[in-house]
Amino acid sequence: MRTIKYRICYGVGKNSAPWINEPLEKFVLEVVAARHANGFVLQPFHFLNEILAKGETEIGMGFQWKPFELDENEYQELIDILCTDPSLNVSVENEFINAKNLHDWRMKVGRKYKQ
């Protein structure tokens, strides 16, 4: 698995957050995966890549990273790592794979898990 360099978006200059280097799976859990009361939901491949290609998110505190995308093999490896660790309670939500867009997917997942 690759390592991702990212930072929390707060402050500027001397007060800006330091860059963090973490394995992809830790980055995904901290920054990208949808959280619910008992665990995490990983987006379908195309929605996950949509998020990763932006290089930033305003969800929560906001994060910044160099934009990238996963190939299908990396995505499958990520699923294998995250979904086989019962302490993480990570699932892949493909029920709404045909959602109109990422926002629609998030809304449907939120209703399902009552976030």
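Let me start at one pair of residues, Y6, which stands opposite I20 in strand 2, where strands are DSSP runs of E of at least two residues and helices are runs of H or I of at least four, numbered from the N terminus. Before going on, I should say that this is a predicted model, in which local features need pLDDT of at least 70 and side-chain atom pairs count only at pLDDT 80 or more, while totals for chains, interfaces and linings use all residues. Residues are numbered from 1 along each chain as its sequence is written, and side-chain values use heavy atoms, with hydrogens and water left out.

Strand 1 and strand 2 run antiparallel and are joined by four bridges, and two strands are taken to pair if DSSP finds at least two bridges between them. They belong to an open, antiparallel sheet of four strands in the order 2-1-6-5. Strand 2 (20–23) and strand 5 (56–57) are at its edges with a single partner strand each, so one side of each has no neighbour in the sheet. Across strands 1, 2, 5 and 6 lies helix 1, running at about 110° to strand 2; the axes are lines fitted to C-alpha atoms, for helices over the stretch in contact, and angles run from 0 to 180 degrees between N-to-C directions.

Turning to strand 4, three bridges join it in antiparallel fashion to strand 3 (residues 34–36), with H36 opposite G39 and a hairpin of two residues linking these strands. Three bridges also join strand 4 to strand 7 (residues 90–92), this time in parallel, and here L42 stands opposite V92.

What of Q43, in the loop between strand 4 (39–42) and helix 2 (45–54): is Q43 buried or exposed? Q43 is buried, at a relative accessible area of 1%, where buried means under 20%, exposed over 50% and partly exposed in between, with a 1.4 Å probe and protein chains only. Its side chain reaches the backbone oxygen of V32 at 2.8 Å, and, leaving aside neighbours within four places in sequence, its contacts (heavy atoms within 4.5 Å) include L48, Y75 and W105.

W105 brings us to the largest nonpolar core, a set of buried Ala, Val, Leu, Ile, Met, Phe, Trp, Tyr and Cys residues joined through side-chain atoms within 4.5 Å. Of its 33 residues, F27, V28, W65 and W105 touch the most other members, and helix 1 gives the most to this core, with six residues.

Methods
Polar contact = N/O pair within 3.5 Å; in protein donor to acceptor, adjacent residues only side chain to side chain.
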